[in-house]
Amino acid sequence: MRIDGLTEEQCRMLDTMWQCDTNEQLVSWFQQLNEEELEMALTLHQLLVDELCEEEVEKTGVTMARNMLMSIGVKC
């Protein structure tokens with residue numbers, strides 16, 4: 001996964017998020033942030049979720065398309 005155009009602070013935040021092994025650790029870290037940092041962290045977290053979902057949809061979509069084409073006799 002790659003997210004371009006981030007500041008050093010945003011990169012550090014994402015690194016911290018990736019180091020959290022559980023939701024509880026992530027929530028605990030969120031609770032330690034001030035309001036401005038929390039807003040940034042939640043936005044970055046949503047970017048991660050969106051990117052992961054997009055990657056999964058792309059994989060699933062390709063598989064579904066191949067299966068549909070194969071079912072009508074098109075070789076992929």
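This section describes a helix contact, the largest pocket and the cysteines of a predicted model.

Helix α1 spans residues 8-19 and helix α2 residues 23-31; their axes come within 9 Å and cross at roughly 145°. On the α1 side the contact is made by Met-13, Thr-16, Met-17 and Gln-19, which meet Gln-25, Leu-26 and Trp-29 of α2. By residue class, this contact comprises 4 nonpolar and 3 polar residues, with no charged residue.

The largest pocket holds about 160 Å³ of space. Its lining consists of Met-17, Trp-18, Cys-20, Asp-21, Thr-22, Asn-23, Leu-26, His-45, Leu-48, Val-49 and Leu-52. Two or more lining residues come from each of α1, α2 and α3 (35-71), and α3 gives the most, with 4 residues. The lining divides into 7 nonpolar, 3 polar and 1 charged residue. Met-17 and Leu-26 belong both to the α1-α2 contact and to the lining of this pocket.

No disulfides are present in the structure, the count being 0. For Cys-20, the closest cysteine sulfur is that of Cys-11, and the separation of 16 Å is too far for a bond, given that a disulfide requires sulfur atoms within 2.5 Å. Cys-53 is likewise in no disulfide, with the sulfur of Cys-20, its nearest, 19 Å away. Cys-53 has a relative accessibility of 44% and therefore counts as partly exposed. Cys-20, in turn, is one of the residues that line the largest pocket.

Terms used:
Residues are numbered from 1 along each chain as its sequence is written. This is a predicted model: local features need pLDDT of at least 70, side-chain atom pairs count only at pLDDT 80 or more; totals for chains, interfaces and linings use all residues. Side-chain values use heavy atoms; hydrogens and water are left out. Axes are lines fitted to C-alpha atoms, for helices over the stretch in contact, and angles run from 0 to 180 degrees between N-to-C directions. Contact means heavy atoms within 4.5 Å. Ala, Val, Leu, Ile, Met, Phe, Trp, Tyr, Cys and Pro count as nonpolar, Asp, Glu, Lys and Arg as charged, and the others, Gly among them, as polar. On a 1 Å grid over the protein atoms alone, a cavity is a set of points where a 1.4 Å probe fits but cannot get out, and a pocket is an open set with protein on both sides within 12 Å along at least five of seven lines; lining residues have an atom within 4 Å of a point. Grid points are joined across faces, edges and corners, and a volume is the space filled by probe spheres set on the points. Buried means under 20% relative accessible area, exposed over 50%, partly exposed in between (1.4 Å probe, protein chains only).
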